[in-house]
Amino acid sequence: MPEDRKMPNDALRLFFLAIEEVMGKDGMRAVLRGAKLDKYMDNYPPKNLELGVTMAEYGAATQAVEDFYGLRGARAMLLRVGRAIFNYGMKEQSAVLGLAGHALRLMPVPMTAKMKLLLEQMAAAGNKTVNQPVYLEEDAEAFYLVYPACMCEYRPKHETPTCHITVGILSEAMKWLTDKNFNIQEIECLNLGGKSCRFRVPKTPQ
Ligand SMILES: [Zn+2]
């Protein structure tokens, strides 16, 4: 396991709000107990960008959601949590997402150009604000968001890619941007021994 990495308070706070929306207040309490994060019970991290929380805490809460629903049921719930993170982040204009306002959405440029701009902004926020290194790659068919460090490194080993929350965030981001659904997949995952967590965003909607 790598040395623990600091994250901004607002990243964990948005995550907790999203879990609460999907699982309710009692579900959220169960998650905090399961993750041994009782210190956050009715005491979420503050809404600021100070590096006051850690990737291991984020990973522990993710694992607790999975434990609550079981490996199979958890995927759908974590995707929903990811979508809720995006929606909260947009509503509050959180710097964690890196998307300021609706200008991008309304920009009169081709869809793939808009997608690239949005993914670049999200990657910039990862590097600048979230303390999570990330870069963007592209080929003829797809964009790839590549994370050489991820919360999933602090979770028990899995046999299939684990980062459903990020898939949910990206799915909702693309939906918000284009009003279309994209089949986003994690094609390589650090948790399984990959070099990075790699998310494929196809240039063509479903
Ligand atoms: Zn991963």
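This section describes the largest nonpolar core of a predicted model and the packing of its helices.

The largest nonpolar core comprises 67 residues, among which Phe15, Phe16, Ile19, Leu118 and Cys197 touch the most other members. At least two residues of this core are supplied by each of helix H1 (9-34), helix H2 (55-91), helix H4 (111-130), strand E4 (142-147), helix H5 (164-178) and strand E6 (197-202). The largest share, 15 residues, comes from H2. Beyond its neighbours within four places in sequence, Leu118 is in contact with Leu99, Leu104, Ala173, Met174, Trp176 and Leu177.

Two packed helices are described by the angle between their axes and the distance between the axes. For H2 and H5, the angle is about 30° and the axes lie 7 Å apart. Because angles under 35 degrees count as roughly parallel, H2 is roughly parallel to H5. The crossing of these two helices is right-handed. On the H2 side, the contact involves Tyr58, Thr62, Arg75, Leu78, Leu79, Gly82, Arg83, Ile85, Phe86, Asn87 and Met90. These residues meet His164, Ile165, Val167, Gly168, Ile169, Ser171, Glu172, Ala173 and Trp176 in H5. Classified by type, the contact of H2 with H5 contains eleven nonpolar, six polar and three charged residues.

Helix H2 also packs with H1, their axes coming within 7 Å and crossing at roughly 145°. The crossing of H1 and H2 is right-handed. The contact of H1 with H2 consists of 23 nonpolar, three polar and three charged residues.

Methods:
Residues numbered from 1 in each chain as written. Predicted model: local features only at pLDDT ≥ 70, side-chain atom pairs only at ≥ 80, totals over all residues. Heavy atoms only, no water. Core = buried A, V, L, I, M, F, W, Y, C linked by side-chain atoms within 4.5 Å. Buried < 20%, exposed > 50% of the residue type's maximum accessible area, 1.4 Å probe, protein only. Helix = DSSP H or I, 4+ residues; strand = E, 2+ residues; numbered from the N terminus. Contact = heavy atoms within 4.5 Å. Axes fitted to C-alpha atoms, helices over the stretch in contact; angles between N-to-C directions. Parallel < 35°, antiparallel > 145°, perpendicular 65-115°, else oblique. Left-handed = near helix turned anticlockwise from the far one by under 90°. Nonpolar A, V, L, I, M, F, W, Y, C, P; charged D, E, K, R; others polar.
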